[in-house]
Amino acid sequence: MSSKNSRIRVALLAAVVAVVGLATAGPALAATPAVAPSVTSSQEQDPAIPTDFVDLPTSPLRAGAPQEFTVTYRNATPTPTTVAPQLLVTSPDAGPFLAPSDIKVERRTGHGCWVAVQVGSQTGTLFTDLVGAERVLGAGETLKERYRVTVLDAEAGGTVAPRVALYG
């Protein structure tokens, strides 16, 4: 009889969660009001949208050997800050535009392994995703991400532009 009560309680809890919408949206929805307030200051903006970018020195994209790039950013604020490293690979001004199949991008893990990074494309610029790269840096902490870019198409050329997205 207690397992029947337990199943009923689980079913009721699942129904409540489904009605509230947490089952598909996750726990972040619990903090979201039902009616979205109008945004009046930069601190009330959605934290999933970068508020600024810090551009780092660019380098030419060369065929032949893999090139390594380090994205470094220090949180000089007294509070934790959400950041995300990103690589932009831009096509030459005169084209041809680069395709994701023209290059391979990898990120070095904390264990020293290289893992593939998916690259998106928009108007001739290839970019790494910000969403999976978000990190919270404490006051005074430094982000240091290493990437390796390999040109797969010997005809491909362009520029690698590392940057850091800042949130909130």
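Ala154 is an exposed residue, with a relative accessible area of 66%, and its place in this predicted model is in the loop between E10 and E11. If you follow the backbone from there to Ile103, which lies 51 residues away along the chain, you find that the two C-alpha atoms are separated by 9.7 Å. A second exposed loop residue is Thr123, whose relative accessible area is 70%, and which belongs to the loop between strand E7, residues 119-122, and strand E8, residues 125-128. The C-alpha atom of Thr123 is separated by 9.2 Å from that of Thr90, and the two positions lie 33 residues apart in the numbering sense of being that far apart along the chain.

Let me step back to the overall layout. The protein has 2 helices and 11 strands, and, read from the N terminus, both helices come before the run of strands. Of the contacts with a separation of 6 or more, 79% are made by residues 24 or more positions apart. Buried residues account for 29% of the 168 residues, while the exposed surface comes to about 10800 Å², with 57% of it supplied by carbon and sulfur atoms.

A word on confidence, before the interior. The average pLDDT of the protein is 77, and 72% of the residues score at least 70. Over residues 1-47, however, the pLDDT is below 50, and this stretch has 12 contacts in the model beyond near neighbours in sequence. Where pLDDT is low, the predicted coordinates should not be read in detail, and I will leave that stretch aside.

Now to the interior. Which residues touch the most other members of the largest nonpolar core? They are Leu61, Leu87 and Val105, in a core of 23 residues. The elements that give two or more residues to this core are strands E3 (67-74), E4 (81-90), E5 (103-108), E10 (142-151) and E11 (158-167), and the largest share, 4 residues, comes from E10. Apart from this core lies another one, of 5 residues, among them Ala84, Leu130, Ala133 and Tyr167.

Leu61 deserves a closer look, and here I leave out residues up to four places away in sequence. Its contacts include Gln67, Val89, Leu98 and Ile103, and, further along the chain, Val149, Val151, Gly157, Gly158, Thr159 and Val160.

Two more buried positions help to fill in the picture. Phe69 is found in strand E3, and it counts as buried because its relative accessible area is 7%, the cut-off being under 20%. Setting aside neighbours up to four places away, Phe69 touches Ser59, Leu87, Glu145, Arg146, Tyr147, Val149 and Val160. For the last of these, Val160, the C-alpha atom is separated by 8.7 Å from that of Phe69, although the two residues are 91 apart along the chain.

The other position is Pro162, which lies in strand E11 and is buried, at 5% relative accessibility. Beyond its neighbours within four places in sequence, Pro162 is in contact with Asp55, Leu56, Pro57 and Thr58, and also with Val71, Gln86 and Leu87. Asp55 is 107 residues from Pro162 along the chain, and yet their C-alpha atoms are separated by 6.5 Å.

I will finish with the aromatic side chains. How many aromatic pairs does a search of the whole structure find? The search finds 0. There is, on the other hand, an arrangement of a charge over a ring to point out, in which the charged end of Arg163 sits over the ring of Phe53, at 3.7 Å from its centre.

Conventions:
Residues are numbered from 1 along each chain as its sequence is written. This is a predicted model: local features need pLDDT of at least 70, side-chain atom pairs count only at pLDDT 80 or more; totals for chains, interfaces and linings use all residues. Side-chain values use heavy atoms; hydrogens and water are left out. Rings of Phe, Tyr and Trp (its six-membered ring) pair if their centres lie within 6.5 Å; planes under 30 degrees apart count as stacked, over 60 as edge-to-face and the rest as tilted. A charge sits over a ring if NZ of Lys or CZ of Arg is within 6 Å of the ring centre and within 35 degrees of the ring normal. Buried means under 20% relative accessible area, exposed over 50%, partly exposed in between (1.4 Å probe, protein chains only). Contact means heavy atoms within 4.5 Å. Accessible areas come from the Shrake-Rupley method with a 1.4 Å probe; for residues, only the protein chains shown count as cover. A nonpolar core is a set of buried Ala, Val, Leu, Ile, Met, Phe, Trp, Tyr and Cys residues joined through side-chain atoms within 4.5 Å. pLDDT is the predictor's confidence in each residue, from 0 to 100.
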